[in-house]
Amino acid sequence: MVAKKLSILFLFVLCFNCTPPEVKKPIKETQATKPANVILLIGDGMGLTQLSSSFYFGTTKPNFSRFKSIGLSNVIAANSKITDSASGATAFASGIKTYNGAIGVDMDKIQVETIVEVLSKEGYATGLISTSSITHATPASFYAHVENRNQEEAIAAQMSTSTIDFFAGGGLKFFQKRKDGTNLLTALTSNGFIVNTTELSSSLEVDKKYGFLLADEGMPKMIEGRGPFLSEATQLALNYFELQEKPFFLMIESSQIDWGGHDNKADYLIKEVLDFDDVIGKVLDFAEERGNTLVIVTADHETGGFSLSPEVIGKNPKGEDIHDYNRIHPTFSTSGHSATLIPVLAFGPQSELFIGFYENNDIYYKMRAALGK
Ligand code: MG
Ligand code: ZN
């Protein structure tokens, strides 16, 4: 018996001394390659509770659940404990903490280069899609530089000379019905844009730029019949970028999750979240198939202090609430933004960079690190 044990041990030691067999370690694609493309999806006002609502109010398993690299970001602004969309998006776009209201400028109101500007110089194609006006704080922070987010006419003027190649959203009036009387659609056209103010057209050409301005200000709400605009604009952008045969950076914003939160309207908010989840599915399908695209989903801040509370169905003899834990009754604690940490979901090459706890402006540096820049 002892001899048998010894011989097993001997064999074991022998095995350790011989050359190990050729075993290929499973290397995660995310560790092996750098992404060619980055798609940043921003759910304005989408905290963890807004995201969670897709698990309770959707009809299918949410696409949010397809992510494996998950982090949390702290969204404090430079001059305020609670950020707004302007300083929040400037943190993602330019890597700085700045004051609330700032679009692409720092605390001294000095312009800071955006990731769109950085990557355009290096030959990337770039795009922005939004369900607000394209001049609203979130998309504006990726191409414009103004002291205050309310300067939407000035922001529109900067779009026509920006390095953006594809954009889709609302905001036509800031281009066309301006106080200075100029029609910026002419400026867009003379800067190489094909502009469409009526529909998402599908005939795309190489080396052309495209601008879709499909509402005077924000696009309609989902609950008022917007339909699959965000998914269709995203698909059109992906088709456009494939045609250009260049690496690309695309920012897609679901703007109105925030507006539903400000209005304290759960139905408005949840329908926007479910629409955003559909878009995320489309983007993940693309990224899975190509294998060369880093996808990041996050938010600038939470809006509404949204809570998935249990329904109160009565009082007990002591006067305390009786809850039905099988029924969710969404509630809100504020009509403003809240200070909660924000989830960051990442997929694709280098997505593991987004695991952990960090500041909102670190997302900029993580995107650059992922691209090796
Ligand atoms: Mg926004
Ligand atoms: Zn807001």
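Which protein donors hold the magnesium ion (ligand 1), and how far from the ion do they lie? In this predicted model, the answer is D44 through OD, T138 through OG1 and E253 through OE, at 2.0 to 2.2 Å from the metal. Read along the chain, these donors follow the spacing D-x93-T-x114-E. D44 sits in the loop between β1 (37-43) and α3 (48-57), while E253 belongs to strand β7 (residues 248-254), so the pair ties together parts that are 209 residues apart in sequence. Are these two residues buried or exposed? Both D44 and E253 are buried.

Now for the wider picture. The protein has 13 helices and 14 strands, and its C-alpha atoms fill a box of roughly 100 × 70 × 40 Å along the principal axes. Of its 373 residues, 51% count as buried. Take the contacts between residues at least 6 apart in sequence: 73% of them join residues at least 24 apart.

Two helix pairs are worth a look side by side.

| Helix pair | Axes come within | Crossing angle |
|---|---|---|
| α4 (residues 85-94) and α13 (residues 362-370) | 6 Å | roughly 25° |
| α3 and α12 | 9 Å | roughly 85° |

Start with α4 and α13. Given an angle of roughly 25°, the two helices are therefore roughly parallel to each other, and their crossing is right-handed. On the α4 side, A91, F92, A93 and S94 do the meeting; on the α13 side, the partners are I363, Y364 and M367. Sorted by class, that contact has six nonpolar residues, one polar residue and no charged ones.

Helix α4 has plenty of other neighbours too. How many of its ten residues are buried? Ten of the ten are, so to speak, under cover, a run that includes S85, G88 and T90 as well as F92. Those buried residues pack against α13, but also against β1, α5 (115-121), α6 (137-140), β8 (293-298) and β12 (337-338). Strand β1 turns up twice in this story: it packs with α4, and it comes just ahead of the loop that carries D44.

The other pair is a different arrangement: α3 and α12 cross at roughly 85° and are therefore roughly perpendicular to each other. Here Q50, S53, S54 and F57 in α3 meet L269, I270, V273 and L274 in α12. By class, this contact counts five nonpolar and three polar residues, again with no charged ones.

Staying with α12 (residues 266-290), one of its residues is E272. This glutamate is buried, with a relative accessible area of 0%. Which residues does E272 touch, leaving out those up to four places away in sequence? The list is K221, M222, R226, S254, Q256 and I257. S254 is part of the β7 range, residues 248-254, the strand that also holds the metal donor E253.

Finally, there's F229, in helix α10 (residues 229-244). F229 is buried as well, with a relative accessible area of 6%. Setting aside residues up to four places away in sequence, F229 touches I129, S130, T131, A168, G169, L200, L214 and M219. G104 is another matter: F229 and G104 are 125 residues apart in sequence and 27 Å apart in space, C-alpha to C-alpha.

Methods
Residues numbered from 1 in each chain as written. Chains lettered and ligands numbered in written order. Predicted model: local features only at pLDDT ≥ 70, side-chain atom pairs only at ≥ 80, totals over all residues. Heavy atoms only, no water. Donors = N, O, S within 2.8 Å, 3.2 Å for Na, K, Ca; no water. Helix = DSSP H or I, 4+ residues; strand = E, 2+ residues; numbered from the N terminus. Buried < 20%, exposed > 50% of the residue type's maximum accessible area, 1.4 Å probe, protein only. Axes fitted to C-alpha atoms, helices over the stretch in contact; angles between N-to-C directions. Parallel < 35°, antiparallel > 145°, perpendicular 65-115°, else oblique. Left-handed = near helix turned anticlockwise from the far one by under 90°. Contact = heavy atoms within 4.5 Å. Nonpolar A, V, L, I, M, F, W, Y, C, P; charged D, E, K, R; others polar.
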